[in-house]
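Student: Could we go through this one together? I'd like to start with the charged side chains and then move on to how the parts fit together.

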Amino acid sequence: DFLCISLVNGFTQLRYNLGDKTVILQTLQKVHANGNTWHSLNAGRVGNEGYLDLDGINVTQKASPGMNALDTHTDFFVGGVSSLNLVNPMAIENEPTGFTGCIREIVINNRELKLTVTDPKGGANIGDCDGTDCGYTVCKNNGTCQVENSGFSCSCPREWTGTTCEQSIQCSQNTCGSHALCIPHPSSFSYTCVCALGWTGKYCNNKIKFYIAKFVGNSYIKYTDPFYGKRDLQYSRLSLNFTTNQTEGLIAWMGKSENEDNDFLAIGLANGTLKVVINLGERISVPLMHSKYFTCSVGRWHFITVVQNQTCIKVYLDEELILFEDIDPQKKYTALNYGGICYFGGFEIGRKVNTVTMGLFQKEFIGKIKDVVLFQDSKKIQLMKAEGYNVYDGNSGN
């Protein structure tokens, strides 16, 4: 399998093979090869349908039915490859050759690659395209860059300030404590302080401890499992207690959530019912829905356990087995490669639950969580020692 973007006789070409035949898409117009015109290129595939868009002019094509997954386990190469014999003969029309020109802003599956000296895994014969201290994204938030004798300076839009326009005007004079993030509210020309785990108060200066975590809707905890390297990922288990009065919300997400190919196990509420979703590979997300409408009275605690035994999934609610399903009798994928990461209540600030979960869950969790246990560990995990923001002490009334 492969996916390759190349220049052929002045046209841009996308070629991909999902396991049967090679699909070829070519732009309708040639690129300007004058060395000073930037082009915007969008290329990829959804299932077996490929698309290629150059400067807003789009071409699409479907591959044969049946093949809709790209199985590639190589490095991702930009501009050339470490050895030209790595290139599949069907991936390019003519003899493969390295690209000459400039490339900026590469986004793969909604994540931007940092084109710096240190971020890529490797490379050779790469230089600075701009030739000045004004690189493509030196000035943030639509700031404009001017070359100066001492380097560069940024001219910022009126809502932004700082040497690279990185700070909002609202937060430039903020009084948030050192354990807080300043979140600007441009419409009201104000800000709020969002507190890190273990801190509370208007300016996040008051230290707290908690064993019950209270989530208020824009909260999250990200826990890194210290025993991940020793886990048997074919036999995963997650249990916790929760209480809520909402009908929607992501309670827990066991997985890295960096891109759509990551494995995960998720627990949440959808339309007032309990929803558990498992993905063991190839984006085959299997949602398991509790059959009964599930309402939670305020203050009523529920105990949930999800057990993954290879492809067999069991879900217990308040000690009762409510779901039992073999999600893949073929047993193609049997391990939950969750990367040692567990999220509770939501994801990092600025990452919306409905976007990250691709619509599987609609909202961040509002309620309380306690007694989280991974696998068959004898101790509950210490939520206080994780990363997170805007989480309160669930024992108190705040």
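Student: Which residues are linked with Glu348 in a network of salt bridges?

Tutor: In this predicted model, Lys222 and Arg351 are linked with Glu348 in a network of salt bridges. For the pair of Arg351 and Glu348, the side chains meet with an N to O distance of 2.9 Å.

Student: And is Glu348 buried or exposed?

Tutor: Glu348 counts as buried, because its relative accessibility is 18% and the cut-off for buried is under 20%. Its partner Arg351 has a relative accessibility of 29%, so Arg351 counts as partly exposed.

Student: How many salt bridges does the structure hold?

Tutor: The structure holds 9 salt bridges, and one of them is formed by Arg15 and Glu93, whose closest N and O atoms are 3.6 Å apart. That pair links distant parts of the chain, with Arg15 in strand 2 (residues 11-17) and Glu93 in the loop between strand 6 (57-62) and strand 7 (106-108), 78 residues apart.

Student: What about the accessibility of Arg15 and Glu93?

Tutor: Arg15, at 7% relative accessibility, counts as buried, whereas Glu93 is partly exposed, with a relative accessible area of 41%.

Student: OK, next pair: what is the salt-bridge partner of Arg231?

Tutor: Arg231 forms a salt bridge with Asp377, and the closest N and O atoms of this pair are 2.7 Å apart. Arg231 sits in the loop between strand 17 (213-224) and strand 18 (235-243), while Asp377 sits in the loop between strand 27 (366-374) and strand 28 (387-393), so the salt bridge ties together parts that are 146 residues apart in sequence.

Student: Where do Arg231 and Asp377 stand on accessibility?

Tutor: Arg231 is buried, with a relative accessible area of 15%, and Asp377 is partly exposed, with a relative accessible area of 24%.

Student: Switching to a neutral side chain, where does Asn241 lie, and what does its side chain make a polar contact with?

Tutor: Asn241 lies in strand 18, and its side chain makes a polar contact with the side chain of Asp371, at 3.0 Å. Asn241 is also buried, with a relative accessible area of 13%.

Student: Which other residues does Asn241 touch?

Tutor: Leaving aside residues up to four places away in sequence, Asn241 touches Trp301, His302, Phe303, Lys368, Ile369 and Lys370, as well as Asp371.

Student: Zooming out now, how is the protein divided into domains?

Tutor: The division gives domain 1 (2-112), domain 2 (174-208) and domain 3 (213-393). The C-alpha centres of domain 1 and domain 3 lie 36 Å apart, and the contact between these two takes 5 residues from domain 1 and 4 residues from domain 3.

Student: What area is buried between domain 1 and domain 3?

Tutor: The area buried there is about 390 Å², and carbon and sulfur atoms give 38% of that area. On the side of domain 1 that touches domain 3, the residues divide into 1 nonpolar, 1 polar and 3 charged.

Student: With charged residues on that side, how many salt bridges does the rule find across the interface?

Tutor: The rule finds 0 salt bridges across the interface of domain 1 and domain 3. The count of residue pairs in polar contact between domain 1 and domain 3 is also 0, with both residues required to be at pLDDT 80 or more, which is a condition to keep in mind when reading that count.

Methods
Residues are numbered from 1 along each chain as its sequence is written. This is a predicted model: local features need pLDDT of at least 70, side-chain atom pairs count only at pLDDT 80 or more; totals for chains, interfaces and linings use all residues. Side-chain values use heavy atoms; hydrogens and water are left out. Domain bounds come from an automatic or database domain assignment. Contact means heavy atoms within 4.5 Å. Buried area is the accessible area (1.4 Å probe) that two parts lose on being put together, summed over both. A salt bridge is a side-chain nitrogen of Lys or Arg within 4 Å of a carboxyl oxygen of Asp or Glu. A polar contact is a pair of N or O atoms within 3.5 Å; within protein, one must be able to donate a hydrogen and the other to accept it, and residues adjacent in sequence count only if both atoms are side-chain atoms. Ala, Val, Leu, Ile, Met, Phe, Trp, Tyr, Cys and Pro count as nonpolar, Asp, Glu, Lys and Arg as charged, and the others, Gly among them, as polar. Helices (H or I, at least four residues) and strands (E, at least two) are DSSP runs, numbered from the N terminus. Buried means under 20% relative accessible area, exposed over 50%, partly exposed in between (1.4 Å probe, protein chains only).
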